[in-house]
Amino acid sequence: MPLLLLDLDNTLLDRAGPFRTWAERFLDGIGAPPADIEWLLSIDADGLTDRWDVADAIRDRYRLRIPSIDLVEELHDGVVEFTRLDPLVACALRIADDAGWMPVVVSNGAVRQQDTKIRRTGLDRYVADWVISEEAGVSKPNPRIFALAAQRVRMPLRGAWVIGDGPEADIGGATAVGLPSIWLHRGRRWTDSRFAPTVTVDTVIAAVAAVMGA
């Protein structure tokens, strides 16, 4: 039974939409101009900026007296609140499982937030297990985290595919561990000359279909 090693944010679960929804409500709550949403999205950098750095940037820009730790909590909880599992993604995972593939989540991030999103959305019912970098002590693109994911479900990495939207973390990680990969382009063009995805698609549903058809 081969593995499907799947990224979480903006792959299995939309993060961009929930973050924007939270950010718009937060900015409105502190009386910031609506146009500031673009500033906050740029600071967040699609989730790649450390939460503490985002919190400090918000405090400094708006001269807030809210402790950074409270803003970090708000960032974590706000995104989780608006995160939902797309029924079509759940269906694709079920089909993959029925076809003999074993879906395993491999995610960078904090255990509290990522684990909560997996369980609260019901994604845990459609994957065999998950590995989160904070708990694992290693993050993508380090090949070790993919090996840990395979060990978690007691399966070999041989024959596995990596699916994700991160050029460096997911596709670079797959290349480093010697696995084929599928990149979710999300409207972007591939620009890295060091490596390239095996397949490029627009959704995780198309990615699962591509793996099963390979």
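How many salt bridges are counted between domain 1 and domain 2? The count is three. The model discussed here is a predicted one, and this report treats its domain interface first, then its charged pairs, and finally the surroundings of D170.

## Domain interface

The domain assignment splits the chain into domain 1, made up of 3-13 + 85-213, and domain 2, covering 15-82. Between the C-alpha centres of domain 1 and domain 2 the separation is 26 Å. Contact between the two involves ten residues of domain 1 and ten residues of domain 2.

The size of an interface is often expressed as the accessible area that is lost when the parts come together. For domain 1 and domain 2, about 850 Å² is buried between them, and carbon and sulfur atoms account for 44% of it. Across this interface, nine residue pairs are in polar contact, with both residues at pLDDT 80 or more. On the side of domain 1 that touches domain 2, five residues are charged, three are polar and two are nonpolar.

## Salt bridges

Over the whole structure, the search returns 17 salt bridges. Side chains of opposite charge can pair when their charged atoms come close. Three of the pairs are set out below, each with the distance between its closest N and O atoms or its N to O distance.

| Pair | Distance | Location |
|---|---|---|
| R112 and D77 | 2.7 Å | R112 in helix α6 (residues 111-120), D77 in helix α4 (residues 68-81) |
| E168 and R194 | 2.5 Å | E168 in helix α9, R194 in the loop between β5 (181-184) and β6 (199-201) |
| R20 and E24 | 3.5 Å | both in helix α1 (residues 16-29) |

The salt bridge of R112 with D77 links distant parts of the chain, the two residues being 35 residues apart. R112 counts as partly exposed because its relative accessibility is 39%, which lies between the bounds of 20% and 50%. D77 is likewise classed as partly exposed, at 40% relative accessibility.

E168 and R194 meet through their side chains in a salt bridge, and this pair also links distant parts of the chain, with the two positions 26 residues apart in numbering. What is the exposure class of R194? R194 counts as exposed, because its relative accessibility is 55% and the class begins over 50%. Its partner E168 is partly exposed, with a relative accessible area of 38%.

The salt bridge of R20 with E24 lies within a single helix, α1, where the residues are four residues apart, about one turn of the helix. R20 is partly exposed at a relative accessible area of 31%, and E24 is partly exposed at 40%.

## Surroundings of D170

Is D170 buried or exposed? D170 is buried, because its relative accessible area is 2%, under the 20% bound for that class. D170 is placed in helix α9, which spans residues 167-177.

The side chain of D170 reaches the backbone nitrogen of G166 at 2.8 Å. Apart from neighbours within four places in sequence, the residues in contact with D170 are D7, K140, V162, G164 and D165. Two of these contacts, D7 and K140, also belong with D170 to a network of salt bridges.

Technical notes
Residues are numbered from 1 along each chain as its sequence is written. This is a predicted model: local features need pLDDT of at least 70, side-chain atom pairs count only at pLDDT 80 or more; totals for chains, interfaces and linings use all residues. Side-chain values use heavy atoms; hydrogens and water are left out. Domain bounds come from an automatic or database domain assignment. Contact means heavy atoms within 4.5 Å. Buried area is the accessible area (1.4 Å probe) that two parts lose on being put together, summed over both. A salt bridge is a side-chain nitrogen of Lys or Arg within 4 Å of a carboxyl oxygen of Asp or Glu. A polar contact is a pair of N or O atoms within 3.5 Å; within protein, one must be able to donate a hydrogen and the other to accept it, and residues adjacent in sequence count only if both atoms are side-chain atoms. Ala, Val, Leu, Ile, Met, Phe, Trp, Tyr, Cys and Pro count as nonpolar, Asp, Glu, Lys and Arg as charged, and the others, Gly among them, as polar. Buried means under 20% relative accessible area, exposed over 50%, partly exposed in between (1.4 Å probe, protein chains only).
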